[in-house]
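Student: I have a new structure to read. Can we go through the terms one by one and test each against its value?

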Amino acid sequence: MNRSLRAAFGGAVFAIAAAGVAFAHHNPMEGFDANAPVVVTGEIVQVDWVAPHAQVHLKTTDGKQWRVQVAPPATMHENGLDKTSFGAKESVIIRGYRSTDKTCKPECVATAVDITFADGLKIRLDGSHAKDGGKAVHDQRVAARAKLKL
């Protein structure tokens, strides 16, 4: 293989790899309407602790079901939260943005900015890092859940 062919092949491989990395780091607001803020108040039904983004499922007092996208599990862990931080039937308030598809069928969809737990603790869920406070957040959630017997 001559030099120019090898260089062209190497360049193509590099371009494909770079495109894959760029695609993996997608815009977290993709599919959500930055002009449609929403506040969802309800009980946690389920938490899906999966990549690329964890999901919190809520049921509101009006009977609607919501699926709220939060940060990736690794980021949540750095911020002091894990799957056990979210108690089933725990009342929470999540602020975020609605999906561009506002039909709510079979459920309403949003992406989270932050969550306020019943004990008043407010945590960012949008991928903002708070590594320094992670241990304190974790300890506070453990204590709150023990108090609520969740």
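Student: Where is Cys104 placed?

Tutor: Cys104 sits in the loop between β4 and β5. This is a predicted model, so local features need pLDDT of at least 70, side-chain atom pairs count only at pLDDT 80 or more, and totals for chains, interfaces and linings use all residues. Residues are numbered from 1 along each chain as its sequence is written, and side-chain values use heavy atoms, with hydrogens and water left out. Strands (E, at least two residues) and helices (H or I, at least four) are DSSP runs, numbered from the N terminus.

Student: What is notable about phi of Cys104?

Tutor: Its phi is near 60°, a positive value in a residue other than glycine. Lys89, not a glycine either, has a positive phi of about 70°. Lys89 lies in the loop between α2 and β4.

Student: Which peptide bond near these loops is cis, and what is omega?

Tutor: The bond joining Lys105 and Pro106 is cis, with omega about 0°. Pro106 is in the loop between β4 and β5. Another cis bond joins Ala51 and Pro52, where omega is about 5°.

Student: Why is Lys89 called exposed?

Tutor: Exposed means over 50% relative accessible area, buried under 20%, and partly exposed in between (1.4 Å probe, protein chains only). Lys89 has 64%, so the word is exposed.

Student: What makes Arg67 and Glu107 a salt bridge?

Tutor: A salt bridge needs a side-chain nitrogen of Lys or Arg within 4 Å of a carboxyl oxygen of Asp or Glu. The closest N and O atoms of Arg67 and Glu107 are 2.7 Å apart, so the pair qualifies. Arg67 lies in strand β3 and Glu107 in the loop between β4 and β5, so the pair ties together parts 40 residues apart in sequence.

Student: How many salt bridges does this rule give?

Tutor: The count comes to six. One of them joins Glu90 and Arg141, with N and O 2.8 Å apart. Glu90 lies in the loop between α2 and β4 and Arg141 in helix α3, so this pair ties together parts 51 residues apart in sequence. Glu90, Asp119 and Arg141 are linked in a network of salt bridges.

Student: Are Glu90 and Arg141 buried or exposed?

Tutor: Buried. Glu90 has a relative accessible area of 3%, and Arg141 has 1%.

Student: What makes the length of α3 close to the expected one?

Tutor: The expected span is 1.5 Å times one less than the number of residues. With 15 residues, α3 reaches 21 Å from its first C-alpha to its last, close to the 21 Å expected.

Student: How do you know that the buried residues of α3 line one face?

Tutor: The buried ones are Gly134, Val137, Arg141, Ala144 and Arg145. Seen down the axis, they fall within an arc of 95°, so they line one face of the helix. That arc is taken from the directions from the helix axis to the C-beta atoms. On the other side, Lys135, Ala136, Ala146 and Lys147 are exposed.

Student: What do the buried residues of α3 pack against?

Tutor: They pack against α2, β5 and β6. Contact means heavy atoms within 4.5 Å.

Student: Why is the link between the side chains of Arg95 and Asp114 called a polar contact?

Tutor: A polar contact is a pair of N or O atoms within 3.5 Å; within protein, one must be able to donate a hydrogen and the other to accept it, and residues adjacent in sequence count only if both atoms are side-chain atoms. The two side chains are 2.5 Å apart, so the cut-off is met.
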